[in-house]
Amino acid sequence: HGADPWFELKVSDIARESSAEPMLQCDAFSAEACAGNQAAVVFSHRNGDVTWMQKVASENNLAETAFVERLREAAPDNSKLSRYSLRWFTPVTEVDLC
């Protein structure tokens, strides 16, 4: 209303950072759309950056966010097969896979 001072709000740009990584949201445990448990899968290229993964999972605010990363090391038998890392995060912590 003219008399209100303007202020600048600076927010961490996690949304723009995460959009550089391919991500999809899916319904786990259901063959039906909009049913089951919502989960995100992020195809990351950040070399296991746990801090970034936790920020993205928190921003997604879903029960689980999975991060899939292609490992740079060769397969044990030196074949052309690729190896991947899979990590799961809730909005507050990493979940151990069995």
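Begin by selecting Thr90, which sits in the loop between β4 (84-89) and β5 (94-95), and keep in mind throughout the tour that the model on screen is predicted. Although its place is in a loop, Thr90 counts as buried because its relative accessibility is 16%, and buried here means under 20%. To see what lies around Thr90, show its contacts, leaving out residues up to four places away in sequence: these are Gln54, Ala57, Ala63, Glu64 and Val95.

Keep Ala57 selected, since that residue leads to the next stop. Ala57 belongs to the largest nonpolar core, and the other members to add to the selection are Val42, Trp52, Met53, Val56, Phe67 and Phe89, which brings the core to 7 residues. Colour helix α2 (residues 50-60) next, as this helix gives the most to the core, with 4 residues.

From the core, move to Val42 and display its contacts, again setting aside neighbours within four places in sequence. Val42 touches Trp52, Val56 and Phe67, three residues that are also listed in the core, and it is in contact as well with Glu21, Pro22, Met23, Thr65, Ala66 and Val68.

Finally, clear the selection and view the whole protein as a cartoon, where 2 helices and 5 strands can be followed in the order α-β-β-α-β-β-β along the sequence. Of its 98 residues, 23% count as buried, and among contacts between residues at least 6 apart in sequence, 41% join residues at least 24 apart. If you switch on the surface, the accessible area comes to about 7,600 Å², with 54% of it belonging to carbon and sulfur atoms.

How values were computed: Residues are numbered from 1 along each chain as its sequence is written. This is a predicted model: local features need pLDDT of at least 70, side-chain atom pairs count only at pLDDT 80 or more; totals for chains, interfaces and linings use all residues. Side-chain values use heavy atoms; hydrogens and water are left out. Buried means under 20% relative accessible area, exposed over 50%, partly exposed in between (1.4 Å probe, protein chains only). Contact means heavy atoms within 4.5 Å. Accessible areas come from the Shrake-Rupley method with a 1.4 Å probe; for residues, only the protein chains shown count as cover. A nonpolar core is a set of buried Ala, Val, Leu, Ile, Met, Phe, Trp, Tyr and Cys residues joined through side-chain atoms within 4.5 Å.
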